[in-house]
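Student: I would like to go through the labels used for this model and ask what each one rests on.
Tutor: Go ahead; we can set each label against its criterion.

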Amino acid sequence: MTNSWNDIKNTDLVLIMGGNAAEAHPCGFKWVTEAKANNGAKLIVVDPRFTRSAAVADVYAPIRPGTDIAFLSGVMRYLLANGKIHREYAKAYTNATYLVKEGFKFEDGLFAGYDEARKNYVDRSTWEYQFDDQGMVKVDDTLQDRNCVLNLLKVHVERYTPEMVERIAGTPKAKFLQICEMIASTSTPDRTMTSMYALGWTQHTTGAQNIRSMAMIQLLLGNMGMPGGGVNALRGHSNVQGITDLALLSTSTPGYLVLPTDREATYDDYMKSRRFKPLRPGQTSFWQNYEKFFVSQQKSLFGKAATKDNNWAYDYLPKFDVSYDVLKMVDMMAAGQMNGLFCQGLNILMASPNKAKVATGLAKLKWMVVIDPLETETARFWENHGEYNNVDPKAIQTEVIQLPASTYAEEEGSATNSSRVIMWHWKAVDGPGESKSDMEIMSALHLRLKALYAKDGGAFPEPIVDTAWDYKKPENPDPAEVLKDINGYALEDIPDPADPSKVLLAAGKLLPTFAMMRDDGKTSGGMWIYTGVYTEAGNMSMRRDASDPTGLGIHPNWGFSWPANRRVLYNRASADPDGKPWSQRKKYLEWNGQRWAGGDVPDYGPTIAPDKNVGPFIMNQEGTARLFARAAMPDGPFPEHYEPMDAYIANPLHPKVTVNPVVRVFAADAKSFGTPDKFPIVATSYRLAEHFHYWTKNVHDNAVLQPEMFVEMGERLARAKGIKDGDWVEISSQRGAIKAKACVTKRIRPIMVDGSPCDVVGLPIHFGFIGLTRKSQPVNTLTPSVGDASVNTPEYKAFLVDVKKTTPPAAQPATV
Amino acid sequence: MTVEAKPVSRYTTAARINHWITAVSLILLALSGLALFHPSLFFLTGLFGGGQLTRALHPWIGVVLAVSFLGLFIRFFSLNFWKREDTIWMKNLGKVINNEEEGLPELGKYNAGQKLVFWGQSILILLLFCSGIVLWDTYFADITTIDQKRLAAVAHALCAIAAILIWIVHVYAAIWVKGTLRAMTRGSVTGGWAWKHHRKWFRQEVGKP
Amino acid sequence: MSVLQALDLRRRSASTVPPPPAGKAAAVEVAKLIDVSKCIGCKACQAACLEWNDLQQPIGVTDGTYNNPTDLTPTSFTVMRFAEHEHGDELEWLIRKDGCMHCDDPGCLKACPAPGAIVQYTNGIVDFISENCIGCAYCVKGCPFNIPRISKVDHKAYKCTLCSDRVVVGQAPACAKACPTQAIYFGTKADMTAHAAKRIIDLKSRGYGNAGLYDPPGVGGTHVMYVLHHADKPSLYSGLPDNPRISPMVGLWKGMLKPISLAAIAFAGVFGLLHYVAKGPNRVTEHDEEQAAELEERKGA
C-alpha cells in the first residue's frame, strides 16, 4: 500500500477493482465502511462477479476477466479528453512534460524494438527521454510538443473509447461513463479516490501493467501522496508484505535490492548501473544511496568476511541467469532437472498452476522436505485419493520428509501488514508435538550444512561457511535479535560528516535510521527499509499506542511503518509546489517556513524548502512519478490491453498481437493453452471470506461455514446446460478437469463481448483432498502455467473452460 | 314374591380389557396433556417423572389410545348407528335427565347419549391423533409448516377439551345410572337394568339360545 | 445459562413474575442493531457465535448457495441468509444475519408451558433456560420469526441468547465483537435507535428512499433491530416477516382457550355433582327386575 488501511477512512471514493476486499480482506474493509459512513464516500466495484464487496457498493459494473487495462485506459482517455485531470499536479509531480525520444512508437500492438524471433523487446533504447548536454531530461512545460509524455499518452489511450471498452471488457457504456464521471470528480484538489486491489490485478499476464494503469490514473488525478488516495495493494496473508520485503522474488535481495545477474561479474559492473544520478536538476534520487544499503546488507550477511578488499564479499552472491520463480521451478522439476525441493509454508501442489505438471515434477524429485504446521496436499501428492488425486503411489519414488512447524501463535516475532506496519506478536502457546519454529528448523539446517562445508570443503564453501550467524543461541535465535540484525547497527564509531571529530553513533549501537548507513563497512544492516524498527529506544514494532493526534488515521506510535515510520508514501505531493496543502480539506503536510510539518514523517528531506524544486518522488531519478515508465517494464512504457493466454477473442485492437508479446512460455507448455472453440467459457478463481487459502479447510468452524467446492455460474449458462443449484458439474480446461457443485446465481451475468454474450464461471480456490471440508480436486488442475511478463505471477484470474452436468464423484465420503 | 332375573352378559372379557386400556390411556393423556396445557397444572408432570418425560410419554400414550380405541371402534361401531328411537330419545332428553323415563321407546344396546359419546370420541380421537402427529416434533417436525403446527396445536387443545368433557359425561353417566359400572367390571348387567335401559337389546339377548 | 437467573426478570414462561423490588433502578433496555447495508456476509459473526457458545455444528455440504449451514440449527444460533434481488437492470445481494430477534413481546415465551424455561430479563433479552426446557417445541409455534430449534440430542430448544452471559458482565455479544465492518452494533435500545436514524439518513442520501429501521411493533418492538435499505419490503431479505406478530392461533391457544377450557371442565364436573344431588341416582326398580324375570321366563319357556 502506498497509503494505509486506516487512511482509507479519509477517502471520498473507493474503487475496488482487481480485488474483492469485503471477501478477502473483511477486517481491512472496515475502513471502507468507515469512509462511507463518516466521510460520505462512495464505493465502486468493478468485477466479473457481483461480489460481497459489490453487495455494499454504490455502483457495480461487470468486466470480463483479464480486460482491466482496456477499462482503465478508457478511464484515462476520459480524464484527458474531458480535462478532468489535476493539471498542476500532473505537470509538477509527474513526467507529463518530459520529452520522449523521437524513435519511440507503438504500432499494431507492439512498441518499438520488438524482436519477433526472441519474443522480446531487445532494443528499448527509444523507451527513453530526450536528454540535454548535462544529461538532464528535456521538458516542455507548455505541453505542446507531440513527444511530451502527456501527448504520447493521449495518443496511446485514444483508441480506448467507451465503445471499445464495451467491446473488449463488456462493461456497458452507460455504466462505464458513470464510473468515469465519479472517478473524474476526484481530480479536484479537495477530493481523493483510493484504489484497492489485490490478486485480481496481479494474477494476469499483464498483472504489473494493470497496477501501473491505476497508478497513472491516480497521478493524473493528483491522488498520490494524498490522504485517502494512493494505489493500495491488499496483501493476502498476514506477513506476505514481510516476505515480499525480505526478497520474495528470486532476483531480489532484502529491501528491494537486486541480486546480480551473470552479466555483472564484478562489483563495479554491478554498481555501475546503480548509481542513479538525478535526471533533473537538484533532485534527490534517493537510490544514489544504493551502495550504502548494499554494503550494510553484505556486512549483515557475511560479517567480518565482507571487506573492502573483497568488494564486500560480492563474489559470495549468486549471479542469476534467469528468474527462478515458482513457475520456472515447476518447469525444471517436470523436466527432471531438479533433485530436491523445500516447501516451507508452501502447498505447491495447489498453489502453483497446472496441477498435473506440478505432480509430474514432484514425482521426478529424489526428495522433498515439507515444512508446515498442517498436513498438506503437497506432502500427500503421492497418495491415492480416488478421483481427487488419482496417482499410483508405487510409481512415485520421491522421498517426502515432513517437518512440523509451529504457527504464528506458537512463536513470537514480527509480521508486516499491507500498510507496511511491522507489528510484534507474542507467543500464546507451545506448538503441538514435535513442532518447531521455522527459524529453529532453518537454523539447525544452516548449522549442519555449515559444519559439513567446514569439514569437507567443496567447490566454493566460503559463502556458506562465512555466513554470519552471531546469535546468542545459534541453533534457535531469539527473533528479537534477528530483528535487531535486520535493523542494523554501527560496527565502528560513525563520525559526523559535518564534524569528523564528533561521533554520530557509537560502535555497537543500533541504527536509528537508514540515513546512518555507510558504504565503508562501518555499519551492518540486513534490510535498509526496516531500519528504525529496533533502536536503542527499544523494539518499535511492539508499540501499541492507538492515539492519532491529527485524526487522519496516522497512529504514529503504533508499531513501525517502513520506511522511517512513514504512513503515507510520497506525502510531499499532498502539498503544492509552494508547500501549501492542495486543499485545506486534504491537508496532510505543509512547509511551515523551517520544515515540513504534519502528523506523518515527510517522504522528503524534512528541511528542504519548496523553492529548491525537489520533486516529491524522491526514489526516482527524475524526482517525479512516471506516466511513461521508460524501460522499467518489459512489456512497454505504457500499459496496453492484451488478452489472457487462454484468449477468448482475438484482440480487437490488434488481432495479430492478441496476447502479451513478451510473456514467457515454456516449451513444455506451448500446447497447454485453451481456445474458445473447445473451451467457450471464461473462468476466474478467487477466495471466499469463509476460508484462508488451503489452511482453514483444516479448521472445523471454517469447514462448517463453507464445506464444499462449488462453481458459480450465471442463470443463462445453467439453463443452456440444464444445470440446477447443487448439481454436480464437470469443469474442464486444456490442462485438466475437476468436479464441483453448481451454484447458479444472478450475480454472474453473461458479459457482452464484441456484441455477443460471454459466459463466466467462478471457482473458489480453497478445496483440496486433505482437511475437514469435503474432498475436491484442486482448482489449479485447470489453470495455465504462465505468468505476468514482469514478475511471473501466475494467470489464475482468466482462463478458458467448458462445463457440463455430470455425476457425483465416486467416493464422496460420509459426513465427518 | 321377589323374582330375581338372571344377569345379562353385556361385554366380553376382551372388550372390557380393551375398554380399560383405552380408559387408562385417556386419563393419562388428559393428565399429561393438561399439565402441558395450563401452567397451573404443570405440577401434574410430576406424575410422569418431570416435564421432559411427560413431553416424551404423552404421544406414545396417544398411540396406545389410538390403537386401543380403534379396537373399541371396530367392536362397537355397528351397534352405534342412529335409529329412529334415538331421535325420539333425544327429544325426551330432559325427561331422561329428570329420571323420568316412562314412555320412551325401547332401546337397543346403546341409547342416543351413548352413541353420541361413541361418535364424539371417535371423531375427536381421530383429530387428536392427526394433530398430535403434527405436534410430535421428535419424529415429525419436518413434515409440516409452522402455521400447520399452530393450527394443530389449537385443534389438539380444543379436541382434547371436548374429549375430556365427553369423558366426564361418560363417567358421570356410569355413576349416575346405577348398575352400569358392573358391565365394565364384571361384564354383565342385571336383567332389571337391561329391561329398564336397553329393553330391545334385552329382548334380543334373552331370545338367544 | 441458568447462571443468569440472578438477573431481574420481566417475564418468565408459565409463571407470574413479581415486579422488581421497589426502589431498584429500572434496567436499561439493550438492543443489537444489524446494519444490513454495511454487512458483507463474511460470517465472522457465525464463527464467533460457534466459538463463544462452544457449538459443534456438523460439517455439511453445499447446496449451491452461500447459505451455510443452510438453516438455523440447535448448534447454529445465527446464519447469514443471502438473497439475490433483481429490479430492472440492477442487482442487489441482500445479506441478512438471521437469528433470534428478542421480541419485546416474545411469542416463544407466551407459548412455553414449562415454568421458567423461557425468561425475559428486564434488559429485554429473551433467554432459554435449558434446565427447565421440556422440549415440547411450543416455542417454535409461538415464534413469529421461525427461530427456535429443538436438539435431537437432548430435546431442548436452542437459539441466540444475545450472549446474555457476556452482556451481564458488560460485554457486547460475540457476533458484534467479531463483526469487521461494524454492521453489528450493541448498546442501549435508545442509542441503537438513534444510531440507526443516522444510518438511515446516509442511506437515503444514497438513493434508498425507503431505508428504515426494522423494529416491528407487532411484537412490541425487538431487541435485535435491522437497518434495511428497503424497510418497506422486509420480505426481500430472505423472508423477514413484513409485519410479524404472534399468530392469532397462538393467541387463542395460549389466551382465551386456557381459562375457558378449565372452566368448561370444572362446569361439567360441578353440573354432574349438582345433578346427582338434585335428581339422585337412576336406579333399577324392583318392578324392572320383575319385568325382566318375567320376560326371561317367557323366552326360556
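Student: How do you know that chain C and chain A are in contact, and how many residues does each give?
Tutor: This is a predicted model, and the test is C-beta atoms, placed from the backbone, within 7 Å. By that test the contact takes 32 residues from chain C and 36 residues from chain A.

Student: Which elements make up the side of chain C that touches chain A?
Tutor: At least two residues each come from helix H1 (44-52), strand S3 (79-87) and strand S4 (90-98) of chain C. H1(C) gives the most, with five residues. By class, that side of chain C has 13 nonpolar, 11 polar and eight charged residues.

Student: Which of the pairs of chains in contact share the most contacts?
Tutor: There are two pairs of chains in contact, and chains B and C share the most. Chain A and chain B do not touch, and 21 Å lies between their nearest C-alpha atoms.

Student: What makes strand S2 of chain C mostly covered?
Tutor: A residue is called buried if 20 or more other C-beta atoms lie within 10 Å of its own. In S2(C), residues 30-35, six of six residues are buried, so the strand is called mostly covered. Val30(C), Lys32(C) and Ile34(C) point one way, Ala31(C), Leu33(C) and Asp35(C) point the other way, and all are buried.

Student: Why are S2(C) and S9(C) called paired?
Tutor: Pairing needs at least two bridges found by DSSP. S2(C) and strand S9 (residues 184-188) of chain C have five bridges, so they pair, and they run antiparallel. One of the residues involved is Lys32(C), whose bridge partner in S9(C) is Phe186(C).

Student: In what sense does S2(C) pair with S11(C)?
Tutor: S2(C) and strand S11 (residues 224-228) of chain C pair in the parallel sense, over four bridges. In S11(C), Val224(C) stands opposite Lys32(C).

Student: What are the domains of chain A, and where do their bounds come from?
Tutor: The domain assignment gives domain 1 (6-236) and domain 2 (667-805) of chain A. The centres of these domains, taken over C-alpha atoms, are 28 Å apart. Their contact takes 22 residues from domain 1 of chain A and 29 residues from domain 2 of chain A. The bounds come from an automatic or database assignment.

Student: Which elements give two or more residues to the side of domain 1 of chain A that touches domain 2 of chain A?
Tutor: They are helix H1 (21-24), helix H9 (199-202) and helix H10 (207-221) of chain A. The residues of that side of domain 1 of chain A divide into seven nonpolar, 10 polar and five charged.

Key:
Residues are numbered from 1 along each chain as its sequence is written. Chains are lettered from A and ligands numbered from 1 in the order in which they are written. This is a predicted model: local features need pLDDT of at least 70, side-chain atom pairs count only at pLDDT 80 or more; totals for chains, interfaces and linings use all residues. Ala, Val, Leu, Ile, Met, Phe, Trp, Tyr, Cys and Pro count as nonpolar, Asp, Glu, Lys and Arg as charged, and the others, Gly among them, as polar. A residue is buried if 20 or more other C-beta atoms lie within 10 Å of its own, exposed if 12 or fewer, and partly exposed in between; C-beta atoms are placed from the backbone.
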